[in-house]
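Subject: Structure for you to look at

Hi,

Here is the structure I promised to hand over. Please open it first, then read my notes below with the model beside you.

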Amino acid sequence: MIHSLKLGYLTLATDQLDNMVDFYTKVMGLSITSVEKDGTTYLSTGIDHHNLILQPSSEEKGLVNYGLQIANKHSLTELTEQLKEMGISAQPVKKPSIGMEEFIVVKDNEGKPVHLFQHMQTHNKGMTGTGVNPNKLGHLAQWVKDPQQTVDFFENTLDFRVSDWMQDFFVFMRCNQDHHSLNFIKTDVDKSSNRLHHLAFELRDWGHMKDALDLLGKHNTPVMWGPLRHGIGHNLAAYIPDPDGNMIELFTELDIMNEELGYFEPKAWHQEYPQKPKVWTDVALAASPWGIKPPQDLL
């Protein structure tokens, strides 16, 4: 099995590249590391060469692909053959983009391209100290037709584990100690052109979130939902839009999993002791123990 380490980056297509670059640099506080001839812009939260790629497009907007960093116990050539033996289409690509020498392109069970990479150049300048200035890219949530099939793919292929379910329509999966790196929510609407539900950036603490929301208010960026505490994952969260309308979650205090013990590190706000992965049947409690309901179209 291929062992995933973290969500590395995602690519967003946009028809207003300049506005998006301004927002993610001046407001969100990411730094530009490279720009290609067509304007494709690579941005970093502080360590990786890139965590977000903004790609110009006159047609489709939204999520194009995303990259997972994987363990390097075996070469990408060996892993490509392993994937093919599992019946999964896999294509190694040399010098696929700025900042990386190679990755494997696979498609998940619903056809979305996933880049599997082992090494990425580092961004030695660190965090910008401007704008929101998040710690890191935290997770990615996507619409899918069949969450259970998607779980089977990521469990059996990329060593993800289920952290929690919201009934049978929303699943949260982890590949490291963080409660979730990938989320999948069921939809009956065709989302093949853009499966993005939201992307999420981690903040330092509650004070950082307060300061971030004050800054966003000055930049006329409204809060779509929150601030609140989620039940699932127990993170403090606030949801905002970028210029394209893509939803961004700002979060902190996400549950941390102790894999050896099989439960999340205890916190005063947990509902159960120990707090273990489970199916949450109470949707309102799973969404927010504080009772702050999401907008009608969010779920």
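Phe172 counts as buried, because its relative accessibility is 7% and the cut-off for buried is under 20%. Keep in mind that this is a predicted model. Phe172 is found in strand β11, residues 170-174. Which residues does Phe172 touch, leaving aside its neighbours within four places in sequence? The contacts are Arg161, Val162, Ser163, Asp164, His179, His180, Leu182, Asn183 and Ile232. Look also at Phe184, twelve residues from Phe172 along the chain. The C-alpha atoms of Phe172 and Phe184 are separated by 6.8 Å.

Phe184 leads to the next stop. Together with Phe153, Phe154 and Phe160, Phe184 forms one aromatic cluster.

Next, go to His197. This residue lies in strand β13, which covers residues 196-202. Is His197 buried or exposed? His197 is buried, because its relative accessibility is 6% and buried means under 20%. Again leaving aside neighbours within four places in sequence, His197 is in contact with Ala141, Gln142, Trp143, Ile185, Met247 and Leu298.

Now the aromatic pairs. How many does the structure hold? There are seven. One of them joins Phe23 and Tyr24, and the pair is edge-to-face. The ring centres are 5.1 Å apart, with 90° between the planes. Both partners are buried: Phe23 has a relative accessible area of 6%, and Tyr24 has 0%.

Phe23 and Tyr24 also appear on the list of buried residues in helix α1, residues 17-27. The others on that list are Leu17, Met20, Val21, Thr25 and Val27. A general point helps when you read such a list. An α-helix has 3.6 residues a turn, so residues three or four places apart point the same way. Just after α1 comes Gly29, which takes a positive phi of about 85°.

Two charged side chains sit over rings. Arg229 lies over the face of Trp269, at 4.0 Å from the ring centre. Lys278 has its charged end over the ring of Trp280, 4.3 Å from the centre.

Then trace some strands. Strand β4 covers residues 52-56 and pairs with strand β1, residues 4-14. They run in the parallel sense, over five bridges. Ala13 stands opposite Gln55 of β4. Strand β3, residues 41-44, also pairs with β4. Here the sense is antiparallel, with three bridges. Where is the bridge partner of Tyr42? Look in β4: the partner is Ile53.

Finally, step back to the whole chain. The chain has five helices and 19 strands. Its C-alpha atoms fill a box of roughly 50 × 45 × 40 Å, taken along the principal axes. The radius of gyration is 18 Å. That agrees with a compact globule, because one with 299 residues would have a value near 19 Å. Of the 299 residues, 53% count as buried. The accessible surface comes to about 13300 Å², and 49% of this belongs to carbon and sulfur atoms.

One last number concerns contacts with a separation of 6 or more. Residues 24 or more positions apart account for 65% of those contacts.

Best wishes

Notes:
Residues numbered from 1 in each chain as written. Predicted model: local features only at pLDDT ≥ 70, side-chain atom pairs only at ≥ 80, totals over all residues. Heavy atoms only, no water. Buried < 20%, exposed > 50% of the residue type's maximum accessible area, 1.4 Å probe, protein only. Helix = DSSP H or I, 4+ residues; strand = E, 2+ residues; numbered from the N terminus. Phe/Tyr/Trp six-rings, centres within 6.5 Å; stacked < 30°, edge-to-face > 60°. Lys NZ or Arg CZ within 6 Å of the ring centre and 35° of its normal. Pairing = 2+ DSSP bridges. Rg over C-alpha atoms; globule rule 2.2 N^0.38 Å. Contact = heavy atoms within 4.5 Å. Areas by Shrake-Rupley, 256 points an atom, 1.4 Å probe, with all protein chains shown as cover.
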